[in-house]
Amino acid sequence: MNTRLVGTVILMCAASLLTVNAYATDKPHKKMTLAEKGEQARIESAELEQTQLQKARDAANATAEREQKVLAKQEANDWEAQQLEKARAQSEQRLSREQKYLQQAQEAAAQTRKIPKETSDPAQSE
């Protein structure tokens, strides 16, 4: 019980010291003149402007990076489109050749070919 009483007294002393210290540091601040307030406002305004400019620069850089990524992706798509167009053109050429060969074969089949009759025997001509 005695130790409890001593602990409580010490706690109250510490609390009172902290309270007195807090009152001592809360001295009323010196009132600023209008010129000082204006100067402080200009300084704060300049700092705010600099932070806003930096944010704008960062945003512009981020936008430029995103644009580059989009352009790179589009270029990749352009390459794919070019490859598809090349493949389509090659396919059309192949089909065109096949059609040409088929037409030639049909024309050749439609013609009646006559084998020339030889008047003399080749063995006798020598």
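Start at Glu-39: at 39% relative accessibility, this residue counts as partly exposed. The model you have open is predicted. Keep Glu-39 selected and find its surroundings: the residue sits in helix H2.

**Stop 1: the partner of Glu-39**

Add Arg-42 to the selection. Which two side chains meet in a salt bridge here, and at what N to O distance? Those of Glu-39 and Arg-42, at 3.1 Å. The pair also registers as a polar contact between side chains, again listed at 3.1 Å. Now show the backbone. Both residues belong to helix H2, which covers residues 34-110. They are 3 residues apart, about one turn of the helix.

Colour the two by accessibility. Is Arg-42 buried or exposed? Arg-42 is exposed, because its relative accessible area of 53% is over the 50% cut-off. Glu-39, at 39%, falls in the partly exposed class, since that class spans the values between 20% and 50%.

**Stop 2: Glu-85 and Arg-88**

Stay on H2 and move along to Glu-85. Select Arg-88 with it. These two form a salt bridge, with the closest N and O atoms 2.9 Å apart. Their spacing in helix H2 is 3 residues, so about one helical turn separates them. Check the accessibility of each. Glu-85 is partly exposed, with a relative accessible area of 45%. Arg-88 also counts as partly exposed, at 45% relative accessibility.

How many salt bridges does the structure hold? It holds 2. You have visited Glu-39 with Arg-42 and Glu-85 with Arg-88.

**Stop 3: the whole chain**

Zoom out and switch to cartoon. The protein has 3 helices and 0 strands. Read from the N terminus, the order is α-α-α.

Next, turn on a surface. What share of the 126 residues counts as buried? The figure is 0%. The protein exposes about 12500 Å². Carbon and sulfur atoms supply 57% of that area.

**Stop 4: confidence**

Colour by pLDDT. The mean for the protein is 82. A value of 70 or more is reached by 81% of the residues. Where is confidence lowest, and where is it highest? Select residues 122-125: helix H3 has the lowest mean, 55. Then return to H2, where confidence is highest, at 91. Where pLDDT is low, the predicted coordinates should not be read in detail.

**Last view**

Finish with H2 on screen and the Glu-39 and Arg-42 side chains shown as sticks; their salt bridge lies within this helix. Add Glu-85 and Arg-88, the pair with closest N and O atoms 2.9 Å apart.

Technical notes:
Residues are numbered from 1 along each chain as its sequence is written. This is a predicted model: local features need pLDDT of at least 70, side-chain atom pairs count only at pLDDT 80 or more; totals for chains, interfaces and linings use all residues. Side-chain values use heavy atoms; hydrogens and water are left out. Helices (H or I, at least four residues) and strands (E, at least two) are DSSP runs, numbered from the N terminus. Buried means under 20% relative accessible area, exposed over 50%, partly exposed in between (1.4 Å probe, protein chains only). Accessible areas come from the Shrake-Rupley method with a 1.4 Å probe; for residues, only the protein chains shown count as cover. A salt bridge is a side-chain nitrogen of Lys or Arg within 4 Å of a carboxyl oxygen of Asp or Glu. A polar contact is a pair of N or O atoms within 3.5 Å; within protein, one must be able to donate a hydrogen and the other to accept it, and residues adjacent in sequence count only if both atoms are side-chain atoms. pLDDT is the predictor's confidence in each residue, from 0 to 100.
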